[in-house]
Amino acid sequence: MSLTTPADEQASGPRLHSDLHWLFARLKQGLATAETSAVREHGLSLWGYTVLMAIVDAPTRSQLALAQAVSVDKSKLVLVLDELEAAGLVARRPDPADRRARIVEATDDGRRVLDAVRDDVRAIEDSLLSDLEPAARQALRTTLGRLVGAPVTRIEDGRAYDNACAPRQA
C-alpha cells in the first residue's frame, strides 16, 4: 500500500524530493511498514530484530555497549532484552569483570530466529533495490554505512535525540 502516488510526488515539488530528511524518512517509513510485518511473523519487533542482530554480531557485549551500538536509550533496551529473554532468544549473565554489569548472548533459538528473519528482511531489501544495478546497490549500502558513523556523530554535535516531527510540548 503506497502512501504517495506519482502525481503526489510531482505536486510536492523539487525541494521536498531533494531534501535528505524527507528522503530518508520516507525510506524508513516504507521499510518499517514492510519489515514490521516480516519480523512479527517470527515473534519479534523491529527493535527486537535490531538488538538480536547486534548481539549475534558481537556476543559478550555488555548492555551499556549494546545500547550504544544500536543507538537506543538504556531503558528501552532493557524492555527489548526482557522480551527477547522471555522468548528464549537471548540470555543475560553477570559480567565476570564487573558483577553489576550484564553480558547478553544469543541462544541457539535466537540465532535460528535471526537467520529466518534476516532472510525475510533481505528479500524486502532486494525488492526495494530491484530497480538499481548491482553496482549501484553496493554503492548505496557502502555510502549509507559511511554516513551513519562519524558524519552523523559530527552533525549531532552531542545533542540528545529529539523527535523533531513530534508536536512541541508546551
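This passage describes the confidence, sheet, helices, surface patch and salt bridges of a predicted model.

The mean pLDDT of the protein is 87, and 86% of the residues reach a score of at least 70. Confidence varies between the elements: helix α6 (residues 108–128) has the highest mean pLDDT, 97, and helix α1 (residues 6–16) has the lowest, 65. Where pLDDT is low, the predicted coordinates should not be read in detail.

The strands of the model were examined next. An open sheet is formed by three strands in the order β1-β3-β2, with antiparallel pairing. Strands β1 (61–62) and β2 are at the edges and have a single partner strand each, so one side of each lacks a neighbour in the sheet. Strands of a sheet pair through backbone hydrogen bonds, and the pairing is either parallel or antiparallel. Strand β2 (residues 90–95) and strand β3 (residues 98–106) run antiparallel and are joined by six bridges. The connection from β2 to β3 is a hairpin of two residues. Along this pair, R92 has V104 in β3 as its bridge partner, and R93 is placed opposite I103 of β3.

Helix α3 (residues 46–57) consists of 12 residues. The distance from its first C-alpha to its last is 17 Å, close to the 16 Å expected at 1.5 Å a residue. Several residues of α3 are buried, namely G48, Y49, V51, L52, A54 and I55.

A nonpolar patch is present on the surface and is formed by L20, L23, F24, L27, L128 and L147. Together these residues have about 500 Å² of accessible area. Helix α2 (residues 20–40) contributes the most to the patch, with four residues. L20 belongs to helix α2. The relative accessible area of L20 is 56%, and because exposed means over 50%, L20 is classed as exposed.

Charged side chains were considered last. Side chains of opposite charge can pair when their charged atoms come close. The count for the protein is eight salt bridges. One of the salt bridges links R112 to D109, with 2.3 Å between the closest N and O atoms. Both R112 and D109 lie in helix α6, where they are three residues apart, about one turn of the helix. The two partners fall into separate accessibility classes: R112 is exposed, at 52% relative accessibility, whereas D109 is partly exposed, at 39%.

Another salt bridge joins the side chains of E125 and R118, at 3.2 Å from N to O. E125 has a relative accessibility of 15% and therefore counts as buried, since the cut-off for buried is under 20%.

The side chains of D119 and R122 also meet in a salt bridge, with an N to O distance of 3.7 Å. D119 and R122 are both in helix α6 and, at three residues apart, are separated by about one turn of the helix. Partial exposure is found for D119, at 49% relative accessibility, and for R122, with a relative accessible area of 37%. Elsewhere, D82, E85 and R92 are joined into one network by salt bridges that share partners. R92 thus appears in two settings, as a member of this network and as the bridge partner of V104 in β3.

Conventions. Residues are numbered from 1 along each chain as its sequence is written. This is a predicted model: local features need pLDDT of at least 70, side-chain atom pairs count only at pLDDT 80 or more; totals for chains, interfaces and linings use all residues. Side-chain values use heavy atoms; hydrogens and water are left out. The expected span of a helix is 1.5 Å times one less than its number of residues. Buried means under 20% relative accessible area, exposed over 50%, partly exposed in between (1.4 Å probe, protein chains only). Patches are made of residues with over 30% relative accessible area and no salt bridge: like charges are joined within 9 Å, nonpolar side chains (Val, Leu, Ile, Met, Phe, Trp, Tyr) within 5 Å. Accessible areas come from the Shrake-Rupley method with a 1.4 Å probe; for residues, only the protein chains shown count as cover. A salt bridge is a side-chain nitrogen of Lys or Arg within 4 Å of a carboxyl oxygen of Asp or Glu. Two strands pair if DSSP finds at least two bridges between them. pLDDT is the predictor's confidence in each residue, from 0 to 100.
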